[in-house]
Every structure is written in C-alpha cells, then in structure tokens.
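Please look through the structure shown here with the sequence at hand. The text after it goes from one salt bridge outward to the sheet and the loops.

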Amino acid sequence: MTELPTRVLGDGVSVPVLGFGTYPLRGDAGVRAMVSALEAGYRLIDTAVNYRNEREVAEAVRASGLDRGDVFVQTKVPGRDHRSAKHSIKTSLQVMDLEYLDSVLIHWPNPSQGGYVRAWEGLVEAREAGLVRSIGVSNFTPQYLDEIIAATGVTPASNQIEMHPAFPQVEQRAADAERGIVTQAWSPIGRGEVLDAAPVLAAAEAHDVTPAQVVLRWHLHLGSLPLPKSADPGRQRSNLEVLGFDLSDAETAAITALGRPDGRLFGADPVSHEEM
C-alpha cells in the first residue's frame with residue numbers, strides 16, 4: 001500500500017496530495033472499485049450529488065475497515081441547490097449516513113442562474129455549523145472567486161477545475177495561487193491523447209515510469225492536486241506510485257507546452273457551461 005503525504009489548505013485542513021475520482025462508478029461494481037482504491041492507499045475520495053454515487057462512496061469507506069477520520073470525503077452541491085446549499089449538504093450527510101463531510105464544493109457556478117454567491121454563503125454557514133470541515137468551489141473563474149470572497153470575506157480552500165496537459169490552465173492556476181487556493185484537477189490525464197506525446201514519452205523513458213505516471217507527477221510538480229479515476233486495481237496502484245521521481249523544470253515546461261486553446265475535453269467553459 002502506498003502512503004501519501006498531505007498538504008495543508010488555506011483553511012488549515014490537511015488533505016492528501018492526490019485523490020481518487022469516482023465518476024461514473026456506481027452500484028456494487030462501483031463500491032468494489034472504491035474499496036480497491038482505498039486498499040491501495042487513496043485517502044481522498046471525491047464524489048458529487050450529480051454523480052449519484054454518494055451512497056456507494058460511504059459504503060466503500062465503511063467496507064474498507066478504515067477509521068472515518070482517515071478518509072477525506074469530498075462532495076459537491078449541484079446547481080439546482082445553489083439557493084439551499086446548507087440543506088443540500090444535510091441531505092448528502094443523510095444519504096451517506098455520515099456525521100460530517102471533510103470538504104464540500106460548489107459544483108459549477110452556473111452564472112446565468114445568479115445563485116453562486118448564495119450557494120457560497122450556504123457553504124460558509126454549513127462549515128460554521130460543523131457539517132463540513134473545509135469548503136471550496138469547482139470550475140470557478142477569477143471573477144466568480146472574487147465575487148464570493150467579496151460577499152463573505154471567506155476564501156475557498158480549493159478550486160477543482162479541468163486540468164491536463166492539453167489544457168494546463170496556466171492563468172487559472174496562477175489566479176488560484178494568488179488567492180491562496182489549492183487547485184484540484186478533474187480528468188487530470190485527459191482522454192489520454194497526450195500519453196504518446198513526445199515530451200511525455202521522453203520523460204517516461206528518462207525516469208523509467210509510465211506516461212500516465214509522468215502526467216500525474218507533472219500535476220504535483222505544478223502544485224495541482226490530481227483526482228485520477230480508474231476501476232482497475234493495477235492502474236489505481238500505478239497512479240499512486242508517482243512520488244519516487246520528479247520532473248525537471250524543463251520536462252514540466254515541455255509538457256505544459258502541449259496545451260492548446262481548444263484543449264477542453266467537451267467545451268466546458270464555466271462562463272457558458274452549466275449543470276443543474
């Protein structure tokens with residue numbers, strides 16, 4: 001089993017440097033995949049109301065035999081609950097049969113709905129009530145970050161965004177860092193098309209690792225917290241084994257240079273893409 005180090009978020013909460021994404025794992029097969037991940041050494045498990053697998057996540061944590069305090073459970077409030085975010089969190093706790101959540105994020109800003117500031121106020125209230133230890137956002141641009149910070153005086157601890165070598169989010173990562181926000185990465189390896197790119201293959205050969213391990217190490221080198229997802233036990237273990245080597249600044253820059261303006265997986269620009 002791989003033991004992962006932790007890092008401290010801006011709110012003082014410690015979090016593993018790499019987590020496990022759970023979409024679209026569901027049902028008994030999903031529980032088995034999550035238990036396998038926990039047995040491999042993952043200690044941050046990421047879900048969302050809209051993934052429809054919160055119950056499976058909680059079942060996997062219990063089935064793993066790990067103490068509740070040893071697993072960082074993170075979920076997300078959907079767009080339809082922006083104006084009742086605290087209630088949404090209470091519902092997630094009931095579904096998961098948990099006393100608290102380690103982290104809750106606003107899943108998408110949904111700007112045309114005009115509710116993300118109220119949603120953030122609800123997350124702040126939930127943290128003050130002891131329902132959640134750490135609060136953050138997902139897919140928030142600098143503008144939306146500044147609006148919720150100005151409204152509440154509370155800065156998100158995390159911002160989970162699409163980030164992979166084809167879309168490295170240089171400007172957004174810089175904006176997060178300037179505000180003391182840790183960038184989390186969903187779909188950190190993308191669709192895998194960059195795994196045969198020359199800079200990735202060269203680094204994999206130089207360090208005697210796999211291309212996927214190179215990409216995950218690239219995230220860590222940049223300070224991103226990647227959330228790879230896989231139901232395959234072997235790949236789960238491989239994705240954790242990224243701490244025994246590091247990339248040079250030149251290798252990191254070459255991989256970042258693979259980015260392109262149209263690199264998003266499905267055009268999910270937070271300014272226009274909305275999910276309820």
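**From a salt bridge to the sheet**

Arg 68 and Asp 102 form a salt bridge, with 2.9 Å between the closest N and O atoms. Arg 68 belongs to the loop between α2 (54-64) and β5, and Asp 102 to strand β6, so the contact ties together parts that are 34 residues apart in sequence. The model is a predicted one.

Asp 102 has a second partner: Arg 133 forms a salt bridge with Asp 102, and here the closest N and O atoms are 2.8 Å apart. This pair also links distant parts of the chain, since Arg 133 is in strand β7 and Asp 102 in strand β6, 31 residues apart. Arg 68, Asp 102 and Arg 133 are thus linked in a network of salt bridges.

Is Asp 102 buried or exposed? Its relative accessibility is 2%, so Asp 102 counts as buried; the cut-off for buried is under 20% relative accessible area. Arg 133, at 38% relative accessibility, counts as partly exposed. Arg 68 has a further contact, because its charged end satisfies the criterion of lying within 6 Å of a ring centre and within 35 degrees of the ring normal: the charged end sits over the ring of Tyr 100, 4.3 Å from the ring centre.

The whole structure holds ten salt bridges. One of these lies between Asp 262 and Arg 260, with the closest N and O atoms 3.0 Å apart. Asp 262 is exposed, at a relative accessible area of 56%, while Arg 260 is partly exposed, at 37%.

The strand that carries Asp 102 comes next. Why can strand β6 (residues 101-106) be called largely enclosed by the rest of the structure? Six of its six residues are buried, so the strand is largely enclosed by the rest of the structure.

Strand β6 pairs with strands β5 and β7. With strand β5 (residues 72-77), the pairing is parallel and runs over four bridges; within it, Lys 76 stands opposite Leu 105 of β6. With strand β7 (residues 132-138), the pairing is again in the parallel sense, over five bridges. Leu 101 has Val 132 of β7 as its bridge partner, and Ser 103 has Ser 134 of β7.

Helices connect these strands. β5, helix α3 (residues 85-96) and β6 make a right-handed β-α-β unit. A right-handed β-α-β unit is also made by β6, helix α4 (residues 116-128) and β7.

What is the order of the strands in the open sheet? Eight strands with parallel pairing follow the order β3-β4-β5-β6-β7-β8-β9-β10. β3 (20-21) and β10 (225-226) stand at the edges with a single partner strand each, so one side of each is left without a neighbour in the sheet.

Aromatic side chains make another set of contacts. A pair of aromatic rings is described by the distance of the centres and the angle of the planes. The structure holds seven aromatic pairs. Among them is the pair of Trp 108 and Trp 186, which is edge-to-face, at 6.5 Å centre to centre and 65 degrees between the planes. Trp 108 is in the loop between β6 and α4 and Trp 186 is in strand β9 (residues 182-186), so this pair ties together parts that are 78 residues apart in sequence. Trp 108 counts as buried at 4% relative accessibility, and Trp 186 is buried as well, with a relative accessible area of 15%. Ring pairs link Trp 108, Trp 186 and Phe 266 into a cluster.

Some backbone details in the loops remain. Tyr 23 and Pro 24 are joined by a cis peptide bond with an omega of about 5 degrees, and Pro 24 is found in the loop between β3 and α1 (27-40).

Arg 52, a residue other than glycine, has a positive phi, near 55 degrees. Arg 52 lies in the loop between β4 (44-46) and α2 and counts as exposed at 60% relative accessibility. Ser 187 is not a glycine either, yet has a positive phi of about 50 degrees. Ser 187 is placed in the loop between β9 and α7 (198-207) and, at 15% relative accessibility, counts as buried.

Notes: Residues are numbered from 1 along each chain as its sequence is written. This is a predicted model: local features need pLDDT of at least 70, side-chain atom pairs count only at pLDDT 80 or more; totals for chains, interfaces and linings use all residues. Side-chain values use heavy atoms; hydrogens and water are left out. Buried means under 20% relative accessible area, exposed over 50%, partly exposed in between (1.4 Å probe, protein chains only). Helices (H or I, at least four residues) and strands (E, at least two) are DSSP runs, numbered from the N terminus. Two strands pair if DSSP finds at least two bridges between them. A crossover is right-handed if, with the strands pointing away from the viewer, the path from the first strand over the helix to the second runs clockwise. A salt bridge is a side-chain nitrogen of Lys or Arg within 4 Å of a carboxyl oxygen of Asp or Glu. Rings of Phe, Tyr and Trp (its six-membered ring) pair if their centres lie within 6.5 Å; planes under 30 degrees apart count as stacked, over 60 as edge-to-face and the rest as tilted.
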